[in-house]
Amino acid sequence: MDTPPLPTARRRSLVCETIEILRGRVEDGTWRVGDRIPPEAALAEALGVGRNTVREAVRVLSRSEMLEVRQGDGTYVRRAVDPAETMERLNRADLLDSIALHQLLEAEIARCAAERRSEADLAALREALAARGDYRPGDDRAAFHARDRAFHRCVAAAAHNDALDALYRYFASSMEVRLHESFSEGELAEPTLAEHAAIVDAIAAGNGEAAAAAARAVLAAQLERLRRSRGA
């Protein structure tokens, strides 16, 4: 296997370091939203890197919408937090922390669904619940997880909250592989059909608190089991 040229590897390292420095200036408040950051030449001199390195770093942060390049005017801070880095941190988070956040999202989605669902939503939920069924040893776990995700997407749709739905879809997709592995390896136990039915019953009754509690209960046992296995 050919070894990449050292100068290329070094250049990539410099770009990454420059991205971290520029991002840090925004996150620590040195540059605030709406501020114009120093020009490319000044940044290159201050950081001791080439202008191409600065240009590439700015391009990366512009793609994530932390910075905004205005032709003929300069580069401005658009967001105080880098969305791409935030999503990456979510992906790297510890499984226990991720499941705890997942539990919060599921509870709020169920609460909203109980308050906003329509009769059509209820019909879709009951159909998805029946299709989900219960997991039994020997079942195709991947197929079962697909049915489980379909049920939870129905709950999210019944909440009629586009922002919450978008956040949930991203987070659930980022958790998909990790959860599948944890269930397959026996680290976590599959939640039951009865636990999911309790969510639907509370949503049907229009009881937001009961729906949130039922949604929390689905993952509560998983959190406790994971904490015990880790001695937490």
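Here is a short conversation about a helix crossing and some salt bridges in this predicted model.

Reader: Why is H5 called oblique to H7?

Author: The axes of H5 (residues 95-116) and H7 (residues 141-159) come within 7 Å and cross at roughly 55°. Angles under 35 degrees count as roughly parallel and 65 to 115 as roughly perpendicular, so H5 is oblique to H7.

Reader: Which residues make that contact, and how do they divide into nonpolar, polar and charged?

Author: H5 brings Glu106, Ile109, Ala110, Cys112, Ala113 and Arg116, while H7 offers His152, Val155, Ala156, Ala158 and Ala159. They divide into eight nonpolar, one polar and two charged.

Reader: What makes Arg23 and Glu20 a salt bridge?

Author: Their side chains meet at 2.6 Å, N to O, and the cut-off is within 4 Å. Arg23 and Glu20 are three residues apart in helix H1 (residues 6-27), which means about one helical turn separates them. The two are also linked with Asp82 in a network of salt bridges.

Reader: Why is Arg23 called buried, and Glu20 partly exposed?

Author: Buried means under 20% relative accessible area and exposed over 50%. Arg23 has 8%, so Arg23 is buried; Glu20, at 48%, is partly exposed.

Reader: What do Glu209 and Arg111 tie together?

Author: Their side chains meet in a salt bridge of 2.5 Å, N to O. Glu209 lies in H10 (residues 208-230) and Arg111 in H5, so the pair ties together parts 98 residues apart in sequence.

Reader: How do you know whether each of them is buried or exposed?

Author: By the same kind of reasoning: Glu209 has 53% relative accessibility, so Glu209 counts as exposed, whereas Arg111, at 18%, counts as buried.

Note on methods:
Residues numbered from 1 in each chain as written. Predicted model: local features only at pLDDT ≥ 70, side-chain atom pairs only at ≥ 80, totals over all residues. Heavy atoms only, no water. Axes fitted to C-alpha atoms, helices over the stretch in contact; angles between N-to-C directions. Helix = DSSP H or I, 4+ residues; strand = E, 2+ residues; numbered from the N terminus. Parallel < 35°, antiparallel > 145°, perpendicular 65-115°, else oblique. Contact = heavy atoms within 4.5 Å. Nonpolar A, V, L, I, M, F, W, Y, C, P; charged D, E, K, R; others polar. Buried < 20%, exposed > 50% of the residue type's maximum accessible area, 1.4 Å probe, protein only.
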